[in-house]
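Me: I'm new to reading protein structures. Can we go through one together, feature by feature?

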Amino acid sequence: MNQTAKIINQAKKENRKALLETEAKTICTEYGIPVTKFNLAKNQKEAAAQADQIGYPVVLKIVSPDIIHKSDAGGVIVNLKTPAEVANGYNKIIENVKKYKPDAKIVGVMVQEMAPQSTEVIVGAIKDPQFGQTIMFGLGGIFVELLKDVNFRVAPITAEDAKEMITRLKAYPLLNGYRNAPPADINALVCILLNTSRLVMDYPEIKELDLNPVMAYPKGAKTVDARIILE
Ligand code: ADP
Ligand code: MG
């Protein structure tokens with residue numbers, strides 16, 4: 001059996017609706033969706049060793065089935081530059097999360113490559129009661145939350161659909177080389193949209209998927225956070 005089916009079956013068996021970020025990113029990788037390099041650490045020493053392997057700076061994040069919005073719980077620390085900072089960060093995250101939700105089950109701490117800052121985009125999928133799996137694309141932050149500048153298409157989508165979802169945003173100029181910024185790699189984003197569509201069509205039990213944010217680069221793109229919710 002492939003990794004995706006294994007992860008989804010395991011979650012069902014444990015009666016978990018929200019997949020862990022480690023699980024969601026493993027699924028993304030299997031579907032050709034680029035994600036930041038990551039590893040799961042169970043203690044300070046492991047975290048420091050993994051950071052050495054991944055390369056600095058790194059990001060640490062809580063991995064817990066009971067914490068869905070990790071930064072709200074003090075469960076994300078970015079830009080750690082040395083093994084000592086990583087070891088301290090590990091303890092800090094555990095401490096924050098225990099304060100935020102004392103009964104949260106803690107699986108470990110994810111050590112991640114820190115993705116360089118760039119234009120942030122959001123890729124989503126939602127299972128609409130009427131239309132079924134629907135794919136969403138927008139720019140991160142205020143563009144989605146405040147301006148609602150997002151495009152939807154019913155899955156499965158074609159490359160043409162994906163391209164339109166991107167180029168028909170009001171904020172598209174920001175991806176197309178606004179002022180001095182280099183243009184984003186639109187094909188890389190099209191590819192992520194197509195692979196997301198394929199994933200949710202293969203697994204109708206996925207109720208919600210959120211890649212938020214995805215860093216859009218002049219060459220390539222990288223998913224920094226992935227969330228998958230099952231029915
Ligand atoms: P949340 O569960 O709160 O959405 P995220 O994983 O999205 O947690 O982390 C919160 C923010 O931290 C992200 O929106 C992003 O700005 C930053 N961040 C998280 N992981 C990384 C990473 N690997 N590289 C760079 N920035 C990151
Ligand atoms: Mg996020």
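**Reading the model step by step**

Reply: Sure, let's start with the surface. The protein exposes about 11,400 Å², and carbon and sulfur atoms supply 54% of that area. Keep in mind that this is a predicted model.

Me: Which helices and strands should I look for, and how many are there?

Reply: Scan from the N terminus and you'll find seven helices and 10 strands in the protein. The radius of gyration is 18 Å, close to the 17 Å that the globule rule gives for 231 residues, so the protein is as compact as a globular protein of that length. As for the box filled by its C-alpha atoms, that's roughly 50 × 45 × 35 Å along the principal axes.

Me: What share of the residues is buried?

Reply: Buried means under 20% relative accessible area. Here, 49% of the 231 residues meet that cut-off.

Me: How do I read the contacts?

Reply: Look at how far apart the partners sit in the sequence. Of the contacts with a separation of 6 or more, 62% are between residues 24 or more positions apart.

Me: Is helix 2 enclosed or open?

Reply: Helix 2 covers residues 21-30, and seven of its 10 residues are buried, so the rest of the structure largely encloses it. The buried ones are E21, T22, E23, A24, K25, I27 and C28. After helix 2 comes G32, with a positive phi near 75°.

Me: And the charges: how far apart are their mean positions?

Reply: There are 29 positive and 26 negative charges, and their mean positions are 2 Å apart.

Definitions and conventions:
Residues numbered from 1 in each chain as written. Chains lettered and ligands numbered in written order. Predicted model: local features only at pLDDT ≥ 70, side-chain atom pairs only at ≥ 80, totals over all residues. Heavy atoms only, no water. Helix = DSSP H or I, 4+ residues; strand = E, 2+ residues; numbered from the N terminus. Rg over C-alpha atoms; globule rule 2.2 N^0.38 Å. Buried < 20%, exposed > 50% of the residue type's maximum accessible area, 1.4 Å probe, protein only. Contact = heavy atoms within 4.5 Å. Areas by Shrake-Rupley, 256 points an atom, 1.4 Å probe, with all protein chains shown as cover. Lys, Arg positive; Asp, Glu negative; His and termini not counted. Charge placed at Lys NZ, Arg CZ, Asp CG, Glu CD.
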